Amino acid sequence: MSLVLATDDKGAPEVFASLQGEGPSMGIPVAFVRLSRCNLACTWCDTAYTWRFEGDNRPHRDDTVFERKANQIALSPKQAAERIATLGQSRLVITGGEPLLQGGKLAEMLEHLPDMTVEIETNGTVKAPPRLDVRVDQYNVSPKLSHSGNPGDLALIPERLDDYATDTRAFFKFVIASPGDVEEVLALQTRYGFRPGHVFLMAEGTDSATLRARQEWLAPLCLDHGFRMSDRLHIHLYGDTRGT
C-alpha cells in the first residue's frame, strides 16, 4: 500500500523545505511532508484541499470543493522518504490533513530515514501505532475548539487527550479566533492538566493583517494565563500558499 500525499500547486507531492512556522519549533529549518485526508472538518481550515473533495458536504467557510485526483498523489513509503532525503534537512515535520490516519505507512517511511528528528502535527484524535510512536520526537497537538465547527465528541476525545497530556513530547496549540475561545482552553487545561510551558495560543488567520490584529488582544491573554503565543511565520513570509 501507498502513502496518500497532498499535492502542491503544480500537482507534485507536497514535500518541501522551509522554516517551521508555528509552535515550539518555529523558525527552525525543516523538511515538510503533507499527507492527504482528515477525520475532522474545520470551517476555517487553510488546507481544505487535503479533505474537501467532491461529495464531501462538511461545511467550510468558502465552500470550495477540490477534485480528488488533482489534489492527491500516492507514493510508496520508500519513494516519499527519498524525496524527503533530497531536501538535506535533519528535522522532519509530518503534517496534513491528519497524518496519523496513515500511521502504519508513516512508520515504514521513517525506517528509510533513521537519522531524522521527527515532529508530527495532529488534531489529537488519533493514536500513533507503536511502530511509529517510537520514532516521534515531538507531537504538535492541536485540539479543535467549538468555533472549528466540529462536534465535541469527535474533536475532543478524553482518552486521547489524557494520553497526550502525560506525554512529555506533546505540545498543545489552540487556534483562537475570538477572546472567548480562551475560556475553552482554560477549561481543557483544568480537565487535563497540560504541562506548564506546553500550551500555545495561535490567532486564526491566513493573512498578516488579520493575525496582527488578533495578536493585539491575544498577547495580554497569554500573559494573564501563562500560555505561550505562536505566530504563523510562514503566512508573513509566503502568504497562504502551498509548499511553504
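In this predicted model, contacts between residues 24 or more positions apart make up 67% of the protein chain's contacts with a separation of 6 or more. Keep that figure in mind as we walk through the fold, starting with the whole chain and then turning to a few helices and two individual residues.

The protein chain contains 9 helices and 10 strands. Its radius of gyration is 17 Å, close to the 18 Å expected from the globule rule for 244 residues, so the chain is as compact as a globular protein of that length. If you prefer to think in box dimensions, the C-alpha trace spans about 45 × 40 × 35 Å along its principal axes. Of the 244 residues, 51% count as buried. The surface that the chain exposes comes to about 10,700 Å², and carbon and sulfur atoms supply 52% of it. As for charge, there are 26 positive and 33 negative side chains, and the centres of these two sets lie 4 Å apart.

Now for the helices. One general point helps here: an α-helix has 3.6 residues a turn, so residues three or four places apart point the same way. Let's begin with H2, which covers residues 77-85 and buries Pro77, Ala80, Ala81 and Ile84. These residues cover an arc of only 100 degrees around the axis, which puts them on the same side of H2. What lies over that side? The cover includes the strands S1 (3-6), S2 (15-19), S3 (29-34), S4 (72-75) and S5 (91-95), along with helix H3 (103-110).

Helix H3 is a natural next stop. Its buried residues are Gly103, Leu106, Ala107, Met109 and Leu110. They cover an arc of only 160 degrees around the axis, and this places them on the same side of H3. Among the elements covering them are S1, S3, S5 and H2, together with strand S6 (117-122) and helix H4 (130-133). Strands S1, S3 and S5 are thus named in the cover of H2 and also in that of H3.

Strand S6 brings us to glutamate 121, which is found there. Is this acidic side chain's residue buried or exposed? With a relative accessibility of 13%, glutamate 121 counts as buried, since the cut-off for buried is under 20%. Its C-alpha atom is separated by 6.2 Å from that of isoleucine 94, although the two residues are 27 apart along the chain. Beyond its neighbours within four places in sequence, glutamate 121 is in contact with Gln20, Val93, Ile94, Thr95, Pro99, Asn140 and Lys173.

Following the chain onward, we meet threonine 125 in the loop between S6 and H4. This threonine is buried too, with a relative accessible area of 9%. Setting aside residues up to four places away in sequence, threonine 125 touches Asn39, Leu40, Leu154, Ala155, Ile157 and Arg160. For a sense of distance, serine 178 is 53 residues from threonine 125 in sequence and 23 Å away in space, C-alpha to C-alpha.

Arg160, one of the residues that threonine 125 touches, leads us to our last helix, H6 (residues 158-165), where Arg160, Leu161, Tyr164 and Ala165 are buried. Seen down the axis of H6, these buried residues fall within an arc of 130 degrees, so they line one face of the helix. Their cover includes S6, strand S7 (138-141), strand S8 (170-176) and helix H7 (181-192).

How values were computed: Residues are numbered from 1 along each chain as its sequence is written. This is a predicted model: local features need pLDDT of at least 70, side-chain atom pairs count only at pLDDT 80 or more; totals for chains, interfaces and linings use all residues. Side-chain values use heavy atoms; hydrogens and water are left out. Helices (H or I, at least four residues) and strands (E, at least two) are DSSP runs, numbered from the N terminus. The radius of gyration is taken over C-alpha atoms; the globule rule is 2.2 Å times the number of residues to the power 0.38. Buried means under 20% relative accessible area, exposed over 50%, partly exposed in between (1.4 Å probe, protein chains only). Contact means heavy atoms within 4.5 Å. Accessible areas come from the Shrake-Rupley method with a 1.4 Å probe; for residues, only the protein chains shown count as cover. Lys and Arg count as positive and Asp and Glu as negative; His and the chain ends are not counted. The place of a charge is taken as NZ of Lys, CZ of Arg, CG of Asp or CD of Glu. The arc is that of the directions from the helix axis to the C-beta atoms.
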